[in-house]
Number of protein chains: 2
Amino acid sequence: MAVTAAALDAFPEVRPGDDLAALIADRSTPRDDDVLVIAHKVISKAEGRIRALSEVTPSKRARSLAADLGKEDPRHTQVVLDETREVLRASAGVLITVTHHGFICANAGVDRSNVPGQDAVVMLPVDPDASARRLRARLAELTGARPAVLVTDSFGRAWRHGQTDVAIGCAGLEPLEDWRGRRDATGRELSATWIAVADELAAAADLARTKDGEQPVILVRGAGRHVIEADGPGAIAMLRPPEQDLFR
Amino acid sequence: MAVTAAALDAFPEVRPGDDLAALIADRSTPRDDDVLVIAHKVISKAEGRIRALSEVTPSKRARSLAADLGKEDPRHTQVVLDETREVLRASAGVLITVTHHGFICANAGVDRSNVPGQDAVVMLPVDPDASARRLRARLAELTGARPAVLVTDSFGRAWRHGQTDVAIGCAGLEPLEDWRGRRDATGRELSATWIAVADELAAAADLARTKDGEQPVILVRGAGRHVIEADGPGAIAMLRPPEQDLFR
């Protein structure tokens with residue numbers, strides 16, 4: 001079956017309190033078996049997860065880290081630290097952190113791009129799975145359909161250059177597809193096949209948009225076998241517990 | 001623009017020496033701006049990258065590693081070691097290796113699934129970028145079109161559960177799209193946007209197939225802006241050099 005990813009029409013600048021589901025419903029006719037893939041930044045903005053750097057006073061630790069890493073604005077580093085549970089690596093100009101949610105990414109997901117006004121930064125949603133659930137429920141009110149909702153960000157990876165979009169929140173989606181114990185075409189048991197469907201959907205959606213920030217929502221059709229009636233375990237279920245992780 | 005991924009019709013069991021491009025041409029009418037995404041296993045089989053475990057004698061190191069990790073067949077571990085430049089982690093039943101190519105993955109990509117005969121294993125192609133280039137050239141002979149060719153495998157990741165398909169070889173594709181220095185919708189320079197397009201294509205394609213091994217080739221349409229006339233740098237260009245890697 002074909003899987004198709006297509007961007008919804010350009011969005012206006014999203015502001016705190018905006019009804020994002022209404023903006024989506026104005027631009028699409030989602031079906032129950034669709035997946036709406038949403039770059040987190042518009043959700044963060046709608047939820048007011050923005051800080052003005054002019055109101056941030058960097059701590060001694062933030063100033064020291066920023067100086068060590070060659071970061072130009074220690075206030076930005078302070079916001080990163082505020083969003084951070086643990087600093088995993090700080091070297092070569094790069095700050096890799098574990099966010100309060102448990103995501104491992106550069107700068108705790110704090111980002112200045114696509115933010116109007118020179119001194120604002122956008123943070124990840126406080127609970128991206130909850131954001132996805134709320135959006136799904138509101139979309140059902142507005143459209144009568146209950147597509148899955150996936151919230152994404154662009155994360156770098158160990159070992160490989162570049163970023164890919166990954167899932168940081170989801171509702172109505174089984175984020176991991178477990179083929180372990182099933183059999184392949186030759187009858188052999190598939191021993192290690194546990195597919196990060198939510199991340200593959202995030203990556204597929206990213207191919208359908210440009211990075212200028214004007215196409216935050218992608219509708220993916222043809223992946224309905226991963227869509228579930230319940231909201232499901234969320235993207236948080238994709239996080240490897242620290243004690244099982246060989247690369248921290 | 002919509003991006004669409006669709007599996008080609010089921011393939012027969014591929015054997016050493018088979019003309020894979022002919023099998024693809026029989027099942028598709030590729031265009032110059034398409035990307036053909038091929039699970040490496042059929043390429044490995046066509047290239048004879050198969051070993052019979054009955055002909056493998058495990059070394060002392062392989063027997064010791066297999067025992068430590070609870071691996072049931074030290075001959076399999078021997079083949080993994082033969083494909084390995086460096087063992088990165090060996091614990092909790094998991095063997096994470098750097099392959100001779102430089103890929104970091106479990107078991108050096110050596111896999112028993114979807115191999116007919118109980119005692120054969122399949123290895124990664126010796127040079128997956130060269131495999132992609134040869135397939136692209138042969139497809140041009142057979143079809144007159146020069147789609148990009150992407151060779152994939154399913155790799156686990158640090159920090160997150162599950163596997164996603166990633167690029168291990170490519171031809172006719174710019175594997176990384178560099179937005180650094182370009183500007184977002186608000187005019188701000190995008191400082192850290194370097195997109196692993198080849199990996200996102202691999203992930204998107206994986207959504208369009210089942211894992212039973214009968215749909216090894218996916219045609220992706222709508223990603224033509226990443227397709228290039230030259231064969232390009234290959235997937236090897238995506239590997240982060242060890243000295244820049246914070247997670248080894």
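User: Where is the place of A:Val79?
Analyst: Quick note on the ground rules: this is a predicted model, where local features need pLDDT of at least 70, side-chain atom pairs count only at pLDDT 80 or more, and totals for chains, interfaces and linings use all residues. Residues are numbered from 1 along each chain as its sequence is written, chains are lettered from A and ligands numbered from 1 in the order in which they are written, and side-chain values use heavy atoms, with hydrogens and water left out. Helices here are DSSP runs (H or I, at least four residues), as are strands (E, at least two), numbered from the N terminus. On that basis, A:Val79 sits in chain A, in helix α4.

User: Is A:Val79 buried or exposed?
Analyst: Buried means under 20% relative accessible area, exposed means over 50%, and partly exposed is in between (1.4 Å probe, protein chains only). A:Val79 comes in at 0% relative accessibility, so the verdict is buried.

User: Which residues is A:Val79 in contact with, leaving aside neighbours within four places in sequence?
Analyst: Contact means heavy atoms within 4.5 Å. With those sequence neighbours set aside, the partners of A:Val79 are A:Arg51, A:Leu53, A:Val56, A:Val110, A:Val121 and A:Met123.

User: What do the buried residues of α4(A) pack against?
Analyst: Those buried residues are A:His76, A:Thr77, A:Gln78, A:Val79, A:Val80 and A:Leu81, in a helix covering residues 74–82. They pack against these parts of chain A: β3 (50–52), α3 (60–69), β4 (84–91), β5 (94–99) and β7 (120–122).

User: Why is A:Cys105 not bonded to A:Cys170?
Analyst: A disulfide is counted when a pair of cysteine sulfur atoms lies within 2.5 Å. A:Cys170 holds the closest cysteine sulfur to that of A:Cys105, but it's too far for a bond. Both residues are buried, A:Cys105 at 4% relative accessibility and A:Cys170 with a relative accessible area of 1%. The reason is the sulfur-to-sulfur distance, 17 Å.

User: How many disulfides does the structure hold over all chains?
Analyst: A disulfide is a covalent bond between the sulfur atoms of two cysteines. Counting over all chains, the total is zero.

User: At what angle do α6(A) and α6(B) pack?
Analyst: Axes are lines fitted to C-alpha atoms, for helices over the stretch in contact, and angles run from 0 to 180 degrees between N-to-C directions. Helix α6 of chain A spans residues 197–206 and helix α6 of chain B spans residues 197–207, with their axes 8 Å apart. The angle is about 120 degrees.
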